[in-house]
Amino acid sequence: MLQIINNLPEHVVGIYASGEVTRNDMETVLIPKIQELKNRQGEINYLLVLGTGVQNFTLAAWWDDLKLGLTNFTNWHRIAVVTDQKGVEWFTDIFQFMIPGKSRGFSPDQLEEAKAWVSGEEI
């Protein structure tokens, strides 16, 4: 399931993932929020807090995620992923070399730092 994280600056979309993440979650929660942010300001600052394992994303959800990433390729400004999965955190750090924007992985105890970083207000 995907849920919106409230109380973030208006130029940041925050999503909390838990349990199983499906195509419906992508189409009703994530994609509309990302598109609205892109339409409003042209660049995307995205905070993802993974409270579930990446293996809990369905194949259809992964497909929608890939399409979202490619469709908005030049619009990604900052992507922060908060996770206790070291492989995901590492991949997020490496991912910044594949996109025009920046990406960074954070551990759960760095959530406030991740919020500040993705907002452009580094601590």
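**View 1. Strands E2 and E3 side by side in the predicted model.** Here E2 pairs with strand E3 (residues 44-50), and the two run in the parallel sense over 5 bridges. To find your bearings, look for isoleucine 15, which stands opposite leucine 48 in E3. Getting from E2 to E3, the chain passes through helix H1 (residues 23-41), making a β-α-β crossover that is right-handed.

**View 2. Strand E2 with its partner E1.** Strand E1 (residues 2-4) also pairs with E2, here in the antiparallel sense and over 3 bridges. One facing pair to pick out is leucine 2 and, opposite it in E2, alanine 17. As for E2 itself (residues 13-17), this strand is mostly covered, with 4 of its 5 residues buried.

**View 3. Inside the largest nonpolar core.** This core has 22 residues, and the ones touching the most other members are Leu2, Ile15, Leu30, Ile34, Tyr46 and Trp76. Two or more residues come from each of E2, H1, E3, helix H2 (59-71) and strand E4 (76-82). The top contributor is H1, which gives 5 residues.

**View 4. Zooming in on leucine 30.** Set aside the neighbours within four places in sequence, and what does leucine 30 contact? The list is Leu2, Ile15, Asp25, Tyr46, Asp65 and Leu68. Three of these names may ring a bell: Leu2, Ile15 and Tyr46 are, like Leu30, among the core residues that touch the most other members.

**View 5. A second core, separate from the one above.** This one has 10 residues. Among them are Val12, Val49, Ala80 and Phe106.

Methods. Residues are numbered from 1 along each chain as its sequence is written. This is a predicted model: local features need pLDDT of at least 70, side-chain atom pairs count only at pLDDT 80 or more; totals for chains, interfaces and linings use all residues. Side-chain values use heavy atoms; hydrogens and water are left out. Buried means under 20% relative accessible area, exposed over 50%, partly exposed in between (1.4 Å probe, protein chains only). Two strands pair if DSSP finds at least two bridges between them. A crossover is right-handed if, with the strands pointing away from the viewer, the path from the first strand over the helix to the second runs clockwise. A nonpolar core is a set of buried Ala, Val, Leu, Ile, Met, Phe, Trp, Tyr and Cys residues joined through side-chain atoms within 4.5 Å. Contact means heavy atoms within 4.5 Å.
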